[in-house]
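Here is a short tour of a strand-built model, written for someone who likes to check things against the atoms. Keep the viewer open as you read.

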Amino acid sequence: QVQLVESGGGLVQPGGSLRLSCDVSGRIFRINALGWYRQPPGKQRELVALARNGGATTYAESVQGRFTISRDNDMRTVTLQMNSLRPDDTAVYYCYAATQSRAFTAVIDNWGQGTQVTVSS
């Protein structure tokens, strides 16, 4: 079992900043990628940012230049620094981890419980 625990959501005014964190634990041989997705009200879940092994990162075009994803040295914590927040960033944000429990096994998609981010004046 793999557990993802998120923290850091909340209410912020437009132009403000928030920092989301996610701790990953459990039976893990390898973490192939860590990232963040979000689901705005009435819409489908979408990629926000993804950090793969080797350092490659991917951002949604809408957050490029405003959000920054980072992983700590033990590779089991991922953070999302969100600056210049806009009302259309309002969503439930989900932590994501692609993991393997043993060598040469399938990669499993794991999700956190979600944390609400609301950008409003």
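Two strands count as paired if DSSP finds at least two bridges between them. With that in hand, note that this is a predicted model, and start at β11.

Strand β11 covers residues 115-119. Its side chains alternate: T115, V117 and V119 point to one face and are buried, while Q116 and T118 point to the other face and are not. Strand β2 (residues 10-12) pairs with β11 in the parallel sense, whereas β9 (residues 91-100) runs antiparallel to β11. Another antiparallel pair is β3 with β8. Here are residues that stand opposite each other in these pairs:

| Residue | Opposite residue | Strand of the opposite residue |
|---|---|---|
| G10 | V117 | β11 |
| Y93 | T115 | β11 |
| S21 | T79 | β8 |

Next, the open sheet. Four strands take the order β1-β3-β8-β7, with antiparallel pairing. Strands β1 and β7 stand at the edges with a single partner strand each, so one side of each has no neighbour in the sheet. From one strand to the next, the twist averages 15°. Within this sheet, β3 and β8 are joined by six bridges.

And what fills the interior? The largest nonpolar core has 29 residues, of which V24, W36, L80, M82 and Y93 touch the most other members. Strands β1, β3, β4, β5, β7, β8, β9 and β11 each supply at least two residues of this core. Apart from it lies another core, of five residues, including A33, Y37, L50 and A98.

M82 is a good residue to click on: leaving out residues up to four places away in sequence, its contacts include L18, L20, F67, Y93 and V117.

Technical notes: Residues are numbered from 1 along each chain as its sequence is written. This is a predicted model: local features need pLDDT of at least 70, side-chain atom pairs count only at pLDDT 80 or more; totals for chains, interfaces and linings use all residues. Side-chain values use heavy atoms; hydrogens and water are left out. Buried means under 20% relative accessible area, exposed over 50%, partly exposed in between (1.4 Å probe, protein chains only). A nonpolar core is a set of buried Ala, Val, Leu, Ile, Met, Phe, Trp, Tyr and Cys residues joined through side-chain atoms within 4.5 Å. Contact means heavy atoms within 4.5 Å. Axes are lines fitted to C-alpha atoms, for helices over the stretch in contact, and angles run from 0 to 180 degrees between N-to-C directions.
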